[in-house]
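Please read this briefing alongside the sequence and the coordinates. The points are grouped by topic.

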Amino acid sequence: MVIIETEGLAKSYRVYQKREGLLASVAGLLRREYRLIEAVRGINFTVEQGEFVAFLGPNGAGKTTTLKLLSGVINPTNGTARVLGYVPWRRENAYRRRFALVMGQKNQLWWDLPAAESFRLHQQIYRIEPGRFERTRDELTDMLAVRRLLGQPVRELSLGERMKMELVAALLHSPEVLFLDEPTIGLDVVAQHKIQTFLREYQAARNTTILLTSHYMKDVAALCRRVVIIAQGRIIYDGSLEGIVDRFGGEKIVTLQFANGQPPADLARYGEPLPAQPPRAKLRVKRGVASEVLTALLSSYPVYDVSVEDPPLEEVIAAVFAGVEAGEGMTNDEVRPR
Amino acid sequence: MHTPLSYLRVFGTFLRNSLVRDMTFRANFLIDTISSTVWVFMNLGFYVLIFHYTPMLGAGTGWGKYEFFLFLATTLLINSLMRGLFLSNAVELSERIRTGTLDFLLVKPIDTQFLASLGRIEWSAIGPFACGLLLLAYALAQLGLVPGPATAALYVLYVLCGVAIYYSLMIAMASTSIWLGRNRALLDFWFYITNFSRYPMEIYRGPWGTPLRHFFTFLIPVFIAVNVPARVLVRPLELRAPADWLLPGFALLATAGSLVVSRWIFNRSLVSYRSASS
Amino acid sequence: MRFARASTSWTILRISLQERLVYRGDFALGTLIRFLPIITQVFLWGAVFSAVEAVSGSRRPVAGYTYQAMVGYYLLTMVSRAFSSMPGLASGVAREIREGTVKKYLVQPVDMLEFLLLTRVAHKLVYYVVAVGPFALVFWLCRGYLPGWPGPEVMAAYLASLLMAFLLGFFLEATIGMIGFWFLEVTSLLFVYMLLSFFCSGHMFPIDLLPGAWGQAVRLLPLQYLAYFPTAVMLGKVTGPDLARGLCAQFGWMLFFLIAARVTFHYGVRRYSGFGG
């Protein structure tokens, strides 16, 4: 069942020249200079129920803006979208009851009060039946191991604990759709891992449809089978994680271990040498010629062990972003590889 | 979805949460309450001083000392309700717009204006509110006036109308942060505008005063807010002639109009909301 | 050595001036807006005087002020306050102490009080340059309410009292800010000061209005020299030996708070460094 669909969704806005002082800004109201920023330039995609989709993209690509459009926080300039059959920016209460938004860089819990009080407010705003509320709350706080912290003022919690509380707050009303904007940003590795585990288990149990934006590859790799790469307001890739490497990774990494323990000095003519500890040597080799290089190496040198791997995902993606910024755009046909 | 009762329940939670928070910062709460109360008394001192020299504010207006105290009490009640219920929320609205945390209000399945206007209650406004009630009782006693049930009901109604008019002005001003950016001057502006209605509108007369009075009665009806309820007490409504209905009737109209216009401004501003982000 | 210090002071002044000039538009608009509450006061007094006239049948002055003189009083206190008000001084000092940024004054060869004074002078200078326009406009429109140009002695005394009001206001608020070395929360003290200042400095009403013992008590305070005294000088209400006495008293208070600010700073710094912060 299709839960989210967008067509030609676009958002652009004018950024006016900022003027200092009150008088200047009042004068500025009469005659303003502005730049047009196109944050989102026509996005088409659909998401089925139960999918866990990641949005990747460089800063300013439009990922967060897309999330905000889908949650109805901002109005689009163009295009349509439907989530659960609703038009998000109409902000109907019936729609708002069925989704949740979590933003890693902004807090919504009352700062000076214990999280329990904020949860109680949530219960009333979402009109959650008391028995169900308590069960859900206990379940969530147990899964995230924050139950004992419920009575502590939020300002006394660590960053990781606060983020977990924010997640609990978002899930108290058992939303069918969850929008996560950089939920693990700024957290230490342990906290990130805990949250990833939690999200995976939660999603598997409830079949919630989740949209996640993140900068951390670990989040994406751990959780999502489907990745949408957004750059400069457009989707340039929509498919599996492995597919990215197939699509954009133009190179392979060949690791060799030599029988006589010493790597030969002239490896550089086969590919770009990478740092490695002897007796190993690493080469970066273009994909197309990988098998030839391998044959040449194996026949020319006494190779004890060999492995051929893809470059790290981060590297590939970073290269994609860099390529986009340099202007190597993709046509719409090339977007979907499957 | 949400019934009026459930809105009331949510409001109850706001009251409770704010109280807990205020009690956590007890010292600040006490200081706020005491300082606003002291401020009231010092202002009272000034007015006592003025009436030392004159029996009335404005020839033939009927605002003698204790009549003016009734006016003052009404001002106190309305201002303290504004301070307690809405002032911090308006300031926080500007902050939320600036930092983008307004997002969280927009995704909740409850009216956004309700959330934005009442989320934070300042219990320290109880001080001035109590002062207002005491002053009211004192002045009524000194004047020998005992308002009948109809007058009392009308008084409460028009005090609430006054609060509604002030609220509309405030929320409209706060919403403009979305267009004008950082609105540091919001509180100052609020003070400057409401400062005009500190005294009965009869003091504004003459070639400059009359247009001013009309402006703040018909265009930005802040004069309606305090003057109408105060008059209801001082000169109990004898609604025999049609002319007597004029001002009170207009007051109701102005209240409704202000609420509608301000809600329109609020909703319109949300459409232009940008949501400052990472 | 002297030369180096003078040039430092000049640099501070210059930079502060530049910083403030960016906001000059803000200042001009803000100045006009600050006249708004006066409008209400003017109408209030108009109502008072008309009632007095209705009752007594003639235009009687109130506590020595006619209606015109009363309006003129409020306009002139705006000038006094332009000199003596120090927005953000005390709270700024207290905040710097609380947040620890006061350390920069202790390690750099810049005296904190001098620095604050110079920046405040810069602020005021820019403010005056910008405010001269709006003030002149308002005063010209209301020239019927103001007394004519006074003689040279009164003018000299007026200017002297304005300058001293500036220094008195500065050192008074600086001292209050310095209390932050002993108590972290200065806001309540500051509020009390603001309250007293509003009522007892002549800002809200002429001190002449206060009857008997009240008036005597308030005249013992230094606050009257912030708003009331210069205005009274200009209005010709203080003359001859009273004028000389008043100026001397104003000078005395200014000196008192200069010393107080220095002393509290000295002992405050000692106490502060003792924390090993």
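The notes below cover a helix pair, a chain contact and two backbone conformations.

The model is a predicted one. Within chain B, helix 7 (residues 149–175) packs with helix 11 (residues 222–234), while the contact between the chains draws 29 residues from chain A and 26 residues from chain B.

**Helix packing in chain B**

- The axes of helix 7 and helix 11 of chain B lie 8 Å apart and make an angle of about 170°, which means that helix 7 of chain B is roughly antiparallel to helix 11 of chain B.
- On the side of helix 7 of chain B, the contact includes Thr151(B), Leu154(B), Tyr158(B), Gly162(B) and Leu169(B), and among the residues of helix 11 of chain B that they meet as a group are Val222(B), Ala225(B), Pro229(B) and Leu233(B).
- By class, the residues of this helix contact comprise 15 nonpolar, two polar and no charged.

**Contact between chains A and B**

- On the side of chain A that touches chain B, helix 2 (63–70), helix 3 (93–96), strand 5 (99–103) and helix 4 (115–126) of chain A each give two or more residues, and helix 4 of chain A gives the most, with six residues.
- That side of chain A has 11 nonpolar, eight polar and 10 charged residues.

**Positive phi in chain A**

- Ala145(A), in the loop between helix 5 (130–143) and helix 6 (159–171) of chain A, has a positive phi near 60°, and Ala145(A) is exposed, with 12 other C-beta atoms within 10 Å.
- Ser174(A), in the loop between helix 6 and strand 6 (177–181) of chain A, has a positive phi near 50°, and Ser174(A) counts as partly exposed, with 15 C-beta neighbours inside 10 Å.

Conventions: Residues are numbered from 1 along each chain as its sequence is written. Chains are lettered from A and ligands numbered from 1 in the order in which they are written. This is a predicted model: local features need pLDDT of at least 70, side-chain atom pairs count only at pLDDT 80 or more; totals for chains, interfaces and linings use all residues. Axes are lines fitted to C-alpha atoms, for helices over the stretch in contact, and angles run from 0 to 180 degrees between N-to-C directions. Helices (H or I, at least four residues) and strands (E, at least two) are DSSP runs, numbered from the N terminus. Angles under 35 degrees count as roughly parallel, over 145 as roughly antiparallel, 65 to 115 as roughly perpendicular and the rest as oblique. Two residues are in contact if their C-beta atoms, placed from the backbone, lie within 7 Å. Ala, Val, Leu, Ile, Met, Phe, Trp, Tyr, Cys and Pro count as nonpolar, Asp, Glu, Lys and Arg as charged, and the others, Gly among them, as polar. A residue is buried if 20 or more other C-beta atoms lie within 10 Å of its own, exposed if 12 or fewer, and partly exposed in between; C-beta atoms are placed from the backbone.
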